[in-house]
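Visitor: I am new to this structure, so please choose one part, take me through it slowly, and then follow its connections outward, explaining each term as you come to it.

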Amino acid sequence: MTAVSDALPPTPDPSLVAALSADLDAADFRSEPLRQLWGEEADDAIARGVREPLLRAIHGDDGALATLGRFFVLGMAQPSTLVAAALPRLGVDGLVGLGFATISGADAAPSVLLHPQSFVDADGVGEWWIASDLDELALGTALPPDHVLGVGGASRTLAELIIPEPVARALDLGTGCGIQALLVARHAGEVVATDISARALAFAEFNARLNGVNNITFRQGSMFEPVAGEAFDLIVSNPPFVITPRVDGVTEYEYRDGGLIGDALVEQFVREVPAHLKPGGVAQLLGNWESRTAAGLERVESWVHDTLDVWVVEREELTPLSYAELWIRDGGTTPREAAFGRMLEAWLDDFAARGVTAIGFGYVLLRRGPVGHEPLRRFEKVAQPLSAPGRALRDGLTAHDVLGDGVPMTLVTAPDVTEARHFMPGNDDPSVIELRQGGGFGRTVLVDPALAGFVGACDGELTVTQIVAALADLFEVPLVALWQDLEPRIRQLVMDGFLVPNSERAGE
């Protein structure tokens with residue numbers, strides 16, 4: 001395969017980049033037109049690595065969109081005449097000049113994949129074209145070690161987690177194909193994107209140029225070395241956190257393996273990031289952590305400096321066997337191959353040597369919070385689906401800051417909160433009362449009648465004190481005792497987004 005230094009020059013010819021962009025735009029090479037072309041079922045199958053339904057759907061279609069779909073989305077060679085017709089400004093020679101194709105007889109063979117990638121953020125809906133290496137479906141073999149991944153599930157997960165706030169200066173550490181840097185660049189004055197892989201940086205820089213994004217600079221190096229002595233308002237990272245045994249016979253992929261033992265790479269990030277955060281600055285990353293003699297979340301907590309706000313969400317936990325199978329398959333090796341068994345043994349031996357009983361995956365948020373406030377320390381397991389988690393994390397940090405000055409004077413029940421009451425047959429009093437959150441973390445909280453009554457009365461008109469006093473009269477309990485019971489649970493509901501400060505009366 002052509003090396004990226006040849007395929008994607010650090011400074012590609014601007015005229016070729018402009019021609020490719022114009023051709024892709026003219027062909028309407030975007031997510032929704034492609035999905036309409038070959039159908040939703042075929043589109044979903046591609047995400048699972050199955051391309052036959054797509055090929056059946058566009059069989060015999062030699063139009064520009066179908067040709068580009070086969071060429072760039074599936075990585076299949078196409079007749080040069082069809083490629084030239086689909087890209088009239090760039091042409092086949094231009095594709096070769098960019099390193100995007102090679103010529104074999106009458107066919108043009110793609111050297112890269114190019115996928116449209118849609119996104120939604122606070123500024124609206126948009127779409128980029130993202131170039132990356134050919135995947136195992138296009139190659140027909142396991143991935144090479146220096147493979148540059150396109151936009152995968154982890155990339156989309158991190159994108160949803162990023163707090164949607166404008167910042168002056170941001171860092172994307174381990175940028176890969178550059179998707180996070182592009183997203184952050186929409187609400188940052190300046191973005192620095194780093195990666196240890198020159199190949200990844202070449203793809204990332206090309207993608208920025210192709211999409212007309214000009215506020216990103218690219219630097220090569222490991223971890224925080226390229227930004228020594230610098231600080232940022234936002235740091236995001238989808239680092240190579242996969243835990244891989246360092247033995248012969250187990251392929252190390254640059255896009256996922258950081259070269260350290262166990263979860264040491266995530267630990268290094270968490271320990272070093274405080275030196276690169278400005279006051280109020282936030283760092284967000286994905287990671288794996290091992291459970292050994294201590295549970296995984298406890299080990300992560302031990303890595304965090306006690307002056308930082310920290311919020312860690314563990315989304316899943318795998319056994320060593322399940323984890324090993326997952327990542328061996330991810331590299332393109334199947335159980336039918338002899339190498340699979342050897343790799344599996346190596347993974348299990350590696351975990352056993354450290355006494356690993358489970359491997360957690362999740363999200364880490366760190367913040368250099370307001371001076372004088374008690375740092376947030378939150379470590380939790382959340383398995384249910386999330387909705388707009390970036391906004392939920394932002395609102396949680398805001399709630400923590402507000403609660404540092406006490407429970408707000410007036411509160412309002414969040415608009416996505418509903419109440420469910422469960423009754424035993426023939427019983428007029430509910431045996432279970434639940435508050436359910438429709439967005440954010442989608443939490444369900446069990447409450448008693450007093451707390452349910454408090455939440456139901458939070459319409460922004462009555463103060464917290466007035467509501468609690470009325471409930472004390474209703475339940476015929478001392479006001480002080482009721483407040484002592486309700487106050488910590490009210491704080492938690494504010495922290496979790498069930499209750500929000502009433503902005504209209506915040507200044508009263």
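**From a loop residue outward**

Guide: Ala388 is partly exposed, with a relative accessible area of 28%; in these terms, buried means under 20% relative accessible area, exposed means over 50%, and partly exposed lies in between, with a 1.4 Å probe and protein chains only. This is a predicted model, in which local features need pLDDT of at least 70 and side-chain atom pairs count only at pLDDT 80 or more, while totals for chains, interfaces and linings use all residues. Residues are numbered from 1 along each chain as its sequence is written, and side-chain values use heavy atoms, with hydrogens and water left out.

Although Ala388 is not a glycine, its phi is positive, at about 50°. Ala388 sits in the loop between E13 and helix H17 (389-403), where helices (H or I, at least four residues) and strands (E, at least two) are DSSP runs numbered from the N terminus.

Going back from this loop into the strand before it, we come to Arg378, which lies in strand E13 and is buried, with a relative accessible area of 11%. The side chains of Arg378 and Asp496 are joined by a polar contact of 2.5 Å; a polar contact is a pair of N or O atoms within 3.5 Å, and within protein one must be able to donate a hydrogen and the other to accept it, while residues adjacent in sequence count only if both atoms are side-chain atoms. When its neighbours within four places in sequence are left aside, Arg378 is in contact with Val310, Trp311, Val312, Arg443, Gln492, Met495 and Asp496, contact meaning heavy atoms within 4.5 Å.

The strand that holds Arg378 belongs to a wider sheet. Eight strands form this open sheet, in the order E8-E7-E6-E9-E10-E12-E11-E13, and their pairing is mixed; two strands pair if DSSP finds at least two bridges between them. Strand E8 (216-220) and strand E13 (377-381) are its edge strands, each pairing on one side only. Neighbouring strands of the sheet are turned by 15° against each other on average, with direction ignored. Strands of a sheet pair through backbone hydrogen bonds, either parallel or antiparallel. Within this sheet, strand E11 (residues 309-318) and strand E12 (residues 358-367) pair in the antiparallel sense over nine bridges, and Glu317 has Gly360 in E12 as its bridge partner.

At the other edge of the sheet, helix H12 (residues 198-210) lies across strand E7 (188-195) and E8, and runs at about 170° to E8; here axes are lines fitted to C-alpha atoms, for helices over the stretch in contact, and angles run from 0 to 180 degrees between N-to-C directions.

Helix H12 in turn leads us to H2. The buried residues of H2 pack against H12, and also against helix H6 (64-73), helix H7 (80-86), helix H8 (91-98), strand E4 (112-121) and strand E5 (124-133). In H2, the buried residues are Leu16, Val17, Ala19, Leu20, Asp23 and Leu24. Seen down the axis of H2, these residues fall within an arc of 160°, so they line one face of the helix, the arc being that of the directions from the helix axis to the C-beta atoms. On the other side of H2, Pro14 and Ala26 are exposed. The 13 residues of helix H2 (residues 14-26), at 1.5 Å a residue, should span 18 Å, and this agrees with its end C-alpha atoms, which are 18 Å apart; the expected span is 1.5 Å times one less than the number of residues.

After H2 comes Asp28, in the loop between H2 and helix H3 (31-38). Like the residue with which we began, Asp28 is not a glycine yet has a positive phi, here of about 55°. Asp28 is partly exposed, with a relative accessible area of 34%.

One more buried polar residue deserves a look. Gln78, found in strand E1 (residues 78-79), is buried, with a relative accessible area of 6%, and its side chain is joined to that of Arg70 by a polar contact of 2.9 Å. Not counting residues up to four places away in sequence, Gln78 touches Thr67, Arg70, Phe71, Val83, Ala106, Asp107 and Ala108. Among these, Asp107 stands opposite Ser104, and strand E2 (residues 101-104) and strand E3 (residues 107-110) pair in the antiparallel sense over four bridges. E2 and E3 form a hairpin with two residues between them, and Gly105 in the turn has a positive phi of about 65°.
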